Amino acid sequence: MPEPAVGELRPEIPDKLYFRIGEVSRLAGIKPYVLRFWETEFSSLGPKKSGKGHRLYRRKDVELVLEIKRLLYDNRYTIEGARKYLDARPREIVAKPSDGSSAKPSRTQPALFGDPGPAFETIRKELTEILQLLR
């Protein structure tokens, strides 16, 4: 992914759960009607709506808006080019529960242990041998 140019600063996103369209507009430095248009062009940009119909953007939506702005304005991508670029990005791995219920996407957890080294191979071989004995 291309990095921001030297001297180009990403705005600090406040630590809150939801943002209204005016807040996102100010953070990104674009007009609200541009955000509404981008919602029609980028399927991954879909804010929730409040009971009164106000758009409520989550942090990941705000980050996506900033990424779209960077691609369109700084890198001069077309809308179609930016859409293809975003669709081609690797996605987070989401584990599905075994009971068939739906789950919220989760961030990948860092490894709890370092490189297992040769001990892992020894254990694996021993378990394979035990499995052969049980068959």
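This passage describes the secondary structure, helix packing, salt bridges and nonpolar surface of a predicted protein model.

The structure is a predicted model, in which local features need pLDDT of at least 70 and side-chain atom pairs count only at pLDDT 80 or more, whereas totals for chains, interfaces and linings use all residues. Residues are numbered from 1 along each chain as its sequence is written, and side-chain values use heavy atoms, with hydrogens and water left out.

The protein contains five helices and three strands, taken as DSSP runs (H or I of at least four residues for helices, E of at least two for strands) and numbered from the N terminus. Along the sequence these elements follow the pattern β-α-α-β-β-α-α-α. Of the 135 residues, 22% count as buried, a class defined by under 20% relative accessible area, with exposed meaning over 50% and partly exposed lying in between (1.4 Å probe, protein chains only).

Two packed helices are described by the angle between their axes and the distance between the axes. Helix α3 (residues 59-74) packs with helix α4 (residues 79-88) at an angle of about 130°, the axes being 10 Å apart; the axes are lines fitted to C-alpha atoms, for helices over the stretch in contact, and the angles run from 0 to 180 degrees between N-to-C directions. This angle makes α3 oblique to α4, given that angles under 35 degrees count as roughly parallel, over 145 as roughly antiparallel, 65 to 115 as roughly perpendicular and the rest as oblique. The crossing of α3 and α4 is right-handed, a term used if the near helix is turned clockwise from the far one by less than a right angle, while an anticlockwise turn is left-handed. In the loop between α3 and α4 lies Arg 76, a residue other than glycine whose phi has a positive value near 60°. Arg 76 is exposed, with a relative accessible area of 69%.

A search of the whole structure finds seven salt bridges, each being a side-chain nitrogen of Lys or Arg within 4 Å of a carboxyl oxygen of Asp or Glu. One of them joins the side chains of Arg 83 and Glu 41, with an N to O distance of 2.7 Å. Because Arg 83 lies in helix α4 and Glu 41 in helix α2 (residues 32-41), this pair ties together parts that are 42 residues apart in sequence. Arg 83 also forms a salt bridge with Glu 80, the closest N and O atoms being 2.3 Å apart, and these two residues lie three residues apart in helix α4, about one turn of the helix. Glu 41, Glu 80 and Arg 83 are thus linked in a network of salt bridges. Each member of this network is partly exposed, the relative accessibility being 22% for Arg 83, 24% for Glu 41 and 38% for Glu 80.

A further salt bridge, with its closest N and O atoms 2.7 Å apart, is formed by Arg 70 and Glu 67. These residues are three apart in helix α3 and so are separated by about one helical turn, and both are buried.

On the surface, Ile 123, Leu 127, Ile 130 and Leu 134 make a nonpolar patch of about 430 Å². Patches are made of residues with over 30% relative accessible area and no salt bridge, like charges being joined within 9 Å and nonpolar side chains (Val, Leu, Ile, Met, Phe, Trp, Tyr) within 5 Å; accessible areas come from the Shrake-Rupley method with a 1.4 Å probe, and for residues only the protein chains shown count as cover. Ile 123 is placed in helix α5 (residues 118-134) and, at 48% relative accessibility, counts as partly exposed.
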